[in-house]
Amino acid sequence: MPYERTEVSAQEIERQKEICARVRSALGGSERFAMVDTYGCQQNESDSEVLRGYLRSMGYTMTDDEDKADVIAVNTCAVREHATMRVFGNVGALTHLKRVHPERIVILCGCMAQSAEIREQVKKSYRMVDLCFGPHELWRFPELFERTLQVHGLSGARGRVFDAESAESVAEGLPRERDGSVKAWLSIMNGCNNFCSYCIVPYVRGRERSRRSGDVVREAESLVAAGYKDITLLGQNVNSYGRGLDEDVDFAGLLRKINAIPGDFRIRFMTSHPKDATERLFAAMAECEKCAPHIHLPVQSGSDRILRAMNRGYTAEKYLAQVDLARKYIPNLVLTTDVIVGFPGETEEDFLDTLALTEKVRFDSMFTFIYSRRPGTPAAKIEDTTPRAVIQNRFDRLVESAGRVSAELHRAQEGKTFRVLIDGTAKNGGYTLSARTAGGRLVHLRGDESLIGSWANARIVSSNTFALFGEITE
């Protein structure tokens, strides 16, 4: 299918902002509170920044206390069954709150809400939800919220709004309320064209749409000017950035453009697909001094048979060759990955291929998952008779191996000194600050909270599987 890209007009975005002002005026001068509860990936976190930005423009103050909130927005994830069940459990728990305070507005949005099946389930079984919309509707949230106020009323529920019909598009100029002042998400694209057989993302996020490089660079410049020092570029597959644009730019070129922005900051990105990770990308990472020497490259399986069934588009041999090439360009590369255990039909031999690949690569960190069936995906139709106990045993063996390798790699950092960015607080055996190395390794330090947002040299004195422990040096 051809790549298509549509843009929301500046006039439409301006209309949404005018609706914000209208809602703010209609609600009057009394202080009102809103809560945004986010599930899932970094892209969802980025979307929640827009939700908070719009709600702030409509006169709401943000809170983390659902008992205090006049509006509760639940931004959902549909990637794994566990996340879906958690959302339904937590939304269902709002029944009592809604019964006591019927004037409060409950919103369910995000990837789950893009599914027609889920929306019908919410309509029938979760009557406390007043507004339900998918990620394609995010840019027109003020319009949907105003409709909700009109049918809901400020004194009790009289109707509900369900909407997930907008076309996939790119919208610029949306307000944002970011969480923190040190690290920032910067979405460069949305959607996915890969259709891995286990993954629901292309069905709920839609096809790939890249933002124009000029818009991305301008947002990056504004983040640097605002003092952000750690900027993560987001996309379901950042390696395919630029397809469908009427400009000659790929992801490696975008990295170089952002690297040219004056300032002392780091560039990170999530997530890469191995079939699109090229030598051009590795060369750009090596040559851009602000680009973090870290790549998250999900392998998912080490079995060629399972990789074909997953529709991943590469073999284990090709993946290993990419790792070798990346390490050739970036000798200090920190490499992390995702692995799925228990894909339908996986045999012990398939699993041992995965275990062998991970042991050979020696990932700095692995995110391991047991396969989660997602209705509507091709893999959901594959019959599998593997006992759950067998899958759990394989998962436990992989986790043990991953933890052992991570601990060994962390011990190898002891005695070294790294330039780190102190980005938050910690409570771990007297260590009060958290920081990150250029490669993204977590470092716990001792020091005053006034150091948050600053660079420091940290000598590593000890480690465990998950973190390094250091002391600040001159």
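What covers the buried residues of α3? Hi everyone, let's start there. The cover includes β3 (71-76), α4 (95-100), β4 and α5. Please keep in mind that what we are looking at is a predicted model.

Now for α3 itself. In this helix, Ala83, Thr84, Val87, Phe88 and Val91 are buried. Those residues cover an arc of only 135 degrees around the axis, which puts them on the same side of α3. If you are new to helices, here is the background: an α-helix has 3.6 residues a turn, so residues three or four places apart point the same way. We can also check the length of α3. With 12 residues at 1.5 Å a residue, the helix should span 16 Å, and its end C-alpha atoms are indeed 16 Å apart, so the two values agree.

Next, please find α5, which is residues 116-125. Which of its residues are buried? They are Ile118, Arg119 and Val122. Their arc around the axis is only 100 degrees, so they sit on the same side of α5. Turn to the other side of α5 and you meet Glu117, Lys124 and Ser125, which are exposed. And what do the buried residues of α5 pack against? Their partners are α3 (81-92), β4 (105-110), β5 (131-133) and β6 (161-163).

Let's move to the nonpolar cores. In soluble globular proteins, nonpolar side chains tend to be buried together. In this model, the largest nonpolar core has 56 residues. The ones with the most contacts inside that core are Ile188, Leu233, Phe251, Ile258, Phe269 and Met285. There is a second, separate core of 30 residues, and among them are Leu51, Met58, Ala73 and Ile107. To see what a well-connected residue looks like, click on Met285. Setting aside neighbours within four places in sequence, Met285 is in contact with Leu255, Phe269, Cys291, Ala292, His294, Ile295, Ile330 and Leu333.

Now some strands, beginning with β1, residues 32-38. This strand is mostly covered, since 5 of its 7 residues are buried. β1 runs parallel to strand β2 (residues 60-62), and 3 bridges join the two. Which residue of β2 is the bridge partner of Phe33? That partner is Thr61. Just before β1 comes a loop that links it to α1 (10-27), and Gly28 lies in that loop. Gly28 is partly exposed, with a relative accessible area of 41%. Gly28 and Gly59 are 31 residues apart in sequence, while their C-alpha atoms are 8.9 Å apart in space.

Further along the chain, look at β19, residues 468-473. Strand β17 (residues 442-445) pairs with β19 in the parallel sense over 2 bridges, and Val443 stands opposite Leu468. Strand β18 (residues 455-463) runs antiparallel to β19, joined by 6 bridges. Here Arg459 stands opposite Glu471. β18 and β19 form a hairpin, with 4 residues between them.

Let me show you one residue in detail: Ser434, in strand β16 (residues 431-436). Is Ser434 buried or exposed? Its relative accessible area is 11%, and the cut-off for buried is under 20%, so Ser434 counts as buried. The side chain of Ser434 makes a polar contact with the side chain of Asp423, at 2.9 Å. Beyond its neighbours within four places in sequence, Ser434 has contacts that include Leu421, Ile422, Leu442, Val443 and His444.

Finally, a few backbone details worth finding on screen. A cis peptide bond joins Met270 and Thr271, with omega about -5 degrees. Thr271 sits in the loop between β11 (266-270) and α10 (279-287).

Then there are two residues other than glycine with a positive phi. For Gln300, phi is near 70 degrees; Gln300 lies in the loop between β12 (294-296) and α11 (304-310). With a relative accessible area of 7%, Gln300 is buried. For Arg362, phi is near 60 degrees. Arg362 is in the loop between α13 (348-361) and β14 (365-370), and is partly exposed at 29% relative accessible area.

That's my tour, so thanks for listening!

Technical notes: Residues are numbered from 1 along each chain as its sequence is written. This is a predicted model: local features need pLDDT of at least 70, side-chain atom pairs count only at pLDDT 80 or more; totals for chains, interfaces and linings use all residues. Side-chain values use heavy atoms; hydrogens and water are left out. Buried means under 20% relative accessible area, exposed over 50%, partly exposed in between (1.4 Å probe, protein chains only). The arc is that of the directions from the helix axis to the C-beta atoms. Contact means heavy atoms within 4.5 Å. A polar contact is a pair of N or O atoms within 3.5 Å; within protein, one must be able to donate a hydrogen and the other to accept it, and residues adjacent in sequence count only if both atoms are side-chain atoms. A nonpolar core is a set of buried Ala, Val, Leu, Ile, Met, Phe, Trp, Tyr and Cys residues joined through side-chain atoms within 4.5 Å. The expected span of a helix is 1.5 Å times one less than its number of residues. Two strands pair if DSSP finds at least two bridges between them.
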